[in-house]
Amino acid sequence: MDACRKYGNIRYHQISSDEVCGDLFFMERSGTEKVQFSAAESRRREMKVFVTGAGGQLGYDCVRELAARGHETVGSDLAAECAGISDLADRSIRYVPLDITDPQAVFAVISEIRPDAMIHCAAWTAVDAAEEEENRAKVDAVNHLGTKYLAEAAKASGARLLYLSTDYVFDGNGDRPWRPDDLTYAPLNYYGQTKLAGELAVRSIMEKYFIVRTAWVFGPNGGNFVKTMLRIGKARDSVQGVNDQTGTPTYTPDLAGLLADLIETEKYGIYHATNEGGYISWYDFCCEIYRQCGLDTAVIPVTAEEYGRSRARRPKNSRLDKSKLAENGFRPLPDWRDALARYLREAKL
Ligand SMILES: NC(=O)c1ccc[n+]([C@@H]2O[C@H](COP(=O)([O-])OP(=O)(O)OC[C@H]3O[C@@H](n4cnc5c(N)ncnc54)[C@H](OP(=O)(O)O)[C@@H]3O)[C@@H](O)[C@H]2O)c1
């Protein structure tokens with residue numbers, strides 16, 4: 001049967017279907033140019049995506065990834081101008097300043113842009129500073145209320161929403177990897193409490209949402225563990241590495257690719273995503289950073305208690321079970337060692 005669909009002003013006729021990937025293939029009949037593309041591809045072509053936190057580590061790479069895939073991309077952050085985004089050569093990327101703690105501004109911007117999808121990376125991410133009494137209202141306003149306003153605005157404009165969350169919603173007891181559907185939330189710190197409140201707001205307001213919990217993020221746009229350990233390691237003969245917290249690092253360009261894959265589908269739900277390559281400690285991560293950089297700085301393994309410089313408590317067990325990704329047809333992220341090597345090469349560290 002000759003099914004057809006209309007995209008823009010052009011009518012396309014189905015020429016085949018792919019039973020394996022469940023996709024349909026279309027071709028334009030009229031005109032001289034014959035364009036063959038799949039239904040999934042046509043969905044991609046049509047998407048307008050709004051990214052919060054575009055001046056941060058992950059948001060910056062989400063904007064780059066989405067624009068590279070041909071999506072109409074609007075990056076947003078607090079600052080009036082966004083250094084990272086304006087440095088990008090791609091002038092088709094729009095930047096809109098927005099304070100997500102201002103509900104009127106959130107509704108005005110989203111109803112003006114009318115995105116098809118939103119990737120919400122903006123957050124208060126200074127975990128230790130979040131514990132300070134004078135910062136708490138601000139942290140809740142950004143991580144919880146800002147997320148709630150974005151979810152309400154997304155729902156009102158019919159956009160799907162992808163919210164970034166964290167392993168810190170769990171208390172880190174035991175050594176079993178946390179599954180996306182685990183309900184035993186018990187954040188150990190205030191940052192984790194407010195990120196969990198953001199999750200619960202998204203879930204209570206929206207039907208079409210993704211929640212992606214990630215951990216130990218590093219990327220080219222911003223400060224991170226790799227940069228810090230390299231700076232310290234070049235200045236000292238030895239450093240301490242915490243060896244009683246276990247998780248897996250996440251490289252932002254790799255995660256951004258997965259987030260783009262997710263929002264191009266309707267496979268809504270809660271996912272866990274870090275790089276592959278097993279579960280390690282911060283001590284292991286530091287040793288590998290120095291090994292790949294040829295630094296002979298000694299790394300002394302210590303417990304978080306012995307390290308003693310963190311105000312916020314952090315989970316010992318940050319293992320995230322990512323099997324739901326493959327179960328739903330999404331490609332797992334590469335090995336974290338490979339991601340680290342690419343980062344060191346590309347950032348020329
Ligand atoms: N970093 C990690 O290790 C980690 C681990 C697990 C989960 N996550 C989650 O992953 C997401 C991305 O993390 P990231 O490391 O890319 O964060 P990031 O680099 O700190 O970027 C967050 C961005 O949000 C902006 N922002 C803060 N308050 C805002 C407001 N009121 N309105 C609009 N924008 C605001 C920040 O601007 P300013 O810099 O000007 O404040 C910053 O540019 C976050 O949701 C985070 O909770 C991160």
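Begin with the whole chain in view: of the 349 residues of the protein, 43% count as buried. The model is a predicted one, and the cartoon should show 12 helices and 17 strands. Among the contacts whose partners are 6 or more positions apart, 73% join residues separated by 24 or more positions.

**Colour by confidence**

Before selecting anything in detail, colour the chain by pLDDT, which averages 89 over the protein, with 85% of the residues at 70 or more. Select residues 4-13, where the pLDDT is below 50, although the model still gives this stretch 18 contacts beyond near neighbours in sequence. Then select residues 15-35, where pLDDT also stays under 50 and where the model has 34 contacts beyond four places in sequence. Where pLDDT is low, the predicted coordinates should not be read in detail.

**The largest nonpolar core**

Next, select Leu161, Leu162 and Leu259, which have the most contacts inside the largest nonpolar core, a set of 85 residues. Add helix α5, residues 136-157, which supplies the largest share of this core with eight residues.

Now centre the view on leucine 161 and ask which residues it is in contact with, once neighbours within four places in sequence are left aside. The partners to display are Met118, His120, Leu150, Ala151, Ala154, Val202, Met206 and Tyr209.

**Valine 142 in helix α5**

Stay on helix α5 and select valine 142, which belongs to this helix. Is valine 142 buried or exposed? Valine 142 counts as buried because 20 other C-beta atoms lie within 10 Å, and 20 is the number at which a residue is classed as buried. Display Ile100, Thr101, Ala123 and Trp124, which valine 142 touches when residues up to four places away in sequence are not counted. For one of these, threonine 101, a distance can be checked in the viewer: the C-alpha atoms of valine 142 and threonine 101 are 5.6 Å apart, while the two residues are 41 positions apart in sequence.

**Around the ligand**

Move to the ligand, which is surrounded by 29 residues, the closest being Gly56, Gln57, Leu58, Ala123 and Val217. The elements giving two or more residues to this shell are α2 (57-68), α5 and β9 (160-166), and the largest share, three residues, comes from α2. If the shell is coloured by residue class, it divides into 14 nonpolar, 12 polar and three charged residues.

While helix α2 is on screen, select arginine 64, which is found in that helix. Despite its charged side chain, arginine 64 counts as buried, because it has 24 C-beta neighbours inside 10 Å. Its C-alpha atom is separated by 8.7 Å from that of isoleucine 93, which is 29 residues away along the chain.

**Two sides of helix α7**

Select helix α7, residues 225-235, and highlight its buried residues, Val226, Met229 and Gly233. Why do these three lie on the same side of α7? They do so because they cover an arc of only 70° around the axis. The general rule is that an α-helix has 3.6 residues a turn, so residues three or four places apart point the same way. Around the buried residues of α7, show β11 (217-218), β12 (238-242), α9 (282-293) and α12 (336-346), against which they pack. Then rotate to the face turned away from the buried side, which carries the exposed residues Arg231, Lys234 and Ala235.

From here, follow α9 to cysteine 287, which is placed in that helix. Cysteine 287 counts as partly exposed, because it has 18 C-beta neighbours inside 10 Å. The C-alpha atoms of cysteine 287 and glycine 241 are separated by 8.5 Å, although the residues are 46 apart along the chain.

**Two residues with positive phi**

Finish with the backbone angles. Arginine 114, in the loop between α4 (103-113) and β8 (117-120), has a positive phi of about 50° although it is not a glycine. Arginine 114 counts as exposed, because it has 11 C-beta neighbours inside 10 Å. Lysine 348, in the segment after α12, likewise has a positive phi of about 50° without being a glycine, and with 5 other C-beta atoms within 10 Å it is exposed.

Note on methods:
Residues numbered from 1 in each chain as written. Predicted model: local features only at pLDDT ≥ 70, side-chain atom pairs only at ≥ 80, totals over all residues. Core = buried A, V, L, I, M, F, W, Y, C linked by C-beta atoms within 7 Å. Buried ≥ 20, exposed ≤ 12 C-beta atoms within 10 Å, placed from the backbone. Helix = DSSP H or I, 4+ residues; strand = E, 2+ residues; numbered from the N terminus. Contact = placed C-beta atoms within 7 Å. Near = placed C-beta within 6 Å. Arc of directions from axis to C-beta. pLDDT = per-residue confidence, 0-100.
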